[in-house]
Amino acid sequence: MSARIRILEAAERRFAEDGIEAVSLRQIAAESGQRNTSAVAYHFGTRAALVGALYEHRMTPINERRLEFLAAHRDTDVGTYVRALVEPLAEMLTDAEKAGIPSWYLRFLAEAMRYPEYDPASVALERPEASSIRALISGLQRATSGLCLPPGVFAERMRLLALLVITSLADRERHPGTGVGTQTLVAAGAAILSDPQHHELQQRRPQQRNPQHHNPQQHKE
């Protein structure tokens, strides 16, 4: 294994367990077995560049799986696109469990979502390794266009979906063999995106009358 990969895996583990801002680059270098404590700076330069390299390292094989899934499933319904989001990540966890290899990527993602400068939605979405994510977002926009959602609501729902998927799978990663099942996660995600009632609730809600409100003119004696 190259020094670069050892550094990436050590960084992923420490970022997931301790926090992206809580561990120094020198600590990562030492944990990866590098005698030169400046090895991280030498290979990656900055912390932000190290995070970007981690996205590239992990997203590349996941992106390939997701593109294969999209090519094999020509259905255009919401559930299919949510499966394309969830299943490659869940399969990565399952593969690691079967091989007896510990995994930290989902916990790293959950940690990264706490910081605007590291959030995959802003940092990783335009990367070449995110082409499948961009494709499924476009597909979901088409699949939900009939809902006529108010501006911004689709983006809110996508953010909620991302939080649901990442935090649920990070919990499974933390406690292998437990947590929310993949089918349940897909169903919940599809329900979030498919709900047609967001902008109709206020219109359908009956006006509440205050029983204490009255016209004092009506009670004059």
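**Exercise 1. Which helices are included in what covers the buried residues of α10?**

Before you start, note that this is a predicted model.

*Step 1: size up the helix.* Helix α10 spans residues 182–194, which makes 13 residues. From its first C-alpha to its last it reaches 18 Å, close to the 18 Å expected at 1.5 Å a residue.

*Step 2: pick out the buried residues.* In α10, these are Leu-185, Val-186, Gly-189, Ala-190 and Leu-193. They cover an arc of only 130° around the axis, so they sit on the same side of α10.

*Step 3: look at what lies over them.* The cover includes α5 (78–99), α8 (131–143) and α9 (153–174).

**Exercise 2. Take Leu-185 in helix α10. Find out whether it is buried or exposed, and list what it touches.**

*Step 1: check accessibility.* The relative accessible area of Leu-185 is 0%. The cut-off for buried is under 20%, so Leu-185 counts as buried.

*Step 2: list the contacts.* Skip residues up to four places away in sequence, and you get Val-86, Leu-164, Val-165, Ser-168, Leu-169 and Val-180.

*Step 3: compare sequence with space.* Leu-185 and Glu-87 are 98 residues apart along the chain, yet 9.6 Å separates their C-alpha atoms.

**Exercise 3. Search the whole structure for aromatic pairs. How many are there, and what does the pair of Phe-15 and Phe-108 look like?**

*Step 1: count.* The search turns up four aromatic pairs.

*Step 2: zoom in on one.* The ring centres of Phe-15 and Phe-108 are 6.3 Å apart, with 25° between the planes. Planes under 30 degrees apart count as stacked, and that is the label this pair gets.

*Step 3: place the two rings.* Phe-15 belongs to helix α1 (residues 3–18) and Phe-108 to helix α6 (residues 105–112), so the pair ties together parts that are 93 residues apart in sequence. Both Phe-15 and Phe-108 are buried.

*Step 4: widen the view.* Ring pairs link Phe-15, Tyr-55, Tyr-105 and Phe-108 into a cluster.

*Step 5: look at another ring.* Arg-13 lies over the face of Trp-104, 5.3 Å from the ring centre.

**Exercise 4. Arg-107 is in helix α6. Work out whether it is buried or exposed, and which residues it touches.**

*Step 1: check accessibility.* Arg-107 has a relative accessible area of 14%. That falls on the buried side of the 20% cut-off, so Arg-107 is buried.

*Step 2: find the contacts.* Not counting residues up to four places away in sequence, Arg-107 touches Ala-16, Ala-170, Glu-173 and Arg-174.

**Exercise 5. Three residues sit in loops: Ser-32, Met-113 and Cys-148. For each one, decide: buried or exposed?**

*Step 1: Ser-32.* Look in the loop between α2 (25–31) and α3 (39–44). Ser-32 has 8% relative accessibility, so it counts as buried. A polar atom of the Ser-32 side chain lies 2.8 Å from the backbone oxygen of Ala-29. Leaving out residues up to four places away in sequence, Ser-32 touches Arg-6, Ile-7 and Ala-10.

*Step 2: Met-113.* This one is in the loop between α6 and α7 (120–123). Relative accessibility is 11%, so Met-113 counts as buried. Set aside neighbours within four places in sequence, and Met-113 is in contact with Asp-119, Pro-120, Arg-159, Ala-162, Leu-163 and Ile-166. Met-113 and Ile-166 are 53 residues apart in sequence, and 9.1 Å apart in space from C-alpha to C-alpha.

*Step 3: Cys-148.* Find the loop between α8 and α9. Here relative accessibility is 57%, and exposed means over 50%, so Cys-148 counts as exposed. Check the backbone too: Cys-148 has a positive phi of about 50° although it is not a glycine.

**Exercise 6. Step back to the whole chain. How many helices and strands does it have, and what percentage of its residues count as buried?**

*Step 1: count the elements.* You should find eleven helices and zero strands. Along the sequence, the pattern reads α-α-α-α-α-α-α-α-α-α-α.

*Step 2: check burial.* The chain has 221 residues, and 40% of them count as buried.

*Step 3: look at the contacts.* Take contacts between residues at least 6 apart in sequence: 69% of these join residues at least 24 apart.

Conventions:
Residues are numbered from 1 along each chain as its sequence is written. This is a predicted model: local features need pLDDT of at least 70, side-chain atom pairs count only at pLDDT 80 or more; totals for chains, interfaces and linings use all residues. Side-chain values use heavy atoms; hydrogens and water are left out. Rings of Phe, Tyr and Trp (its six-membered ring) pair if their centres lie within 6.5 Å; planes under 30 degrees apart count as stacked, over 60 as edge-to-face and the rest as tilted. Helices (H or I, at least four residues) and strands (E, at least two) are DSSP runs, numbered from the N terminus. Buried means under 20% relative accessible area, exposed over 50%, partly exposed in between (1.4 Å probe, protein chains only). A charge sits over a ring if NZ of Lys or CZ of Arg is within 6 Å of the ring centre and within 35 degrees of the ring normal. The expected span of a helix is 1.5 Å times one less than its number of residues. The arc is that of the directions from the helix axis to the C-beta atoms. Contact means heavy atoms within 4.5 Å. A polar contact is a pair of N or O atoms within 3.5 Å; within protein, one must be able to donate a hydrogen and the other to accept it, and residues adjacent in sequence count only if both atoms are side-chain atoms.
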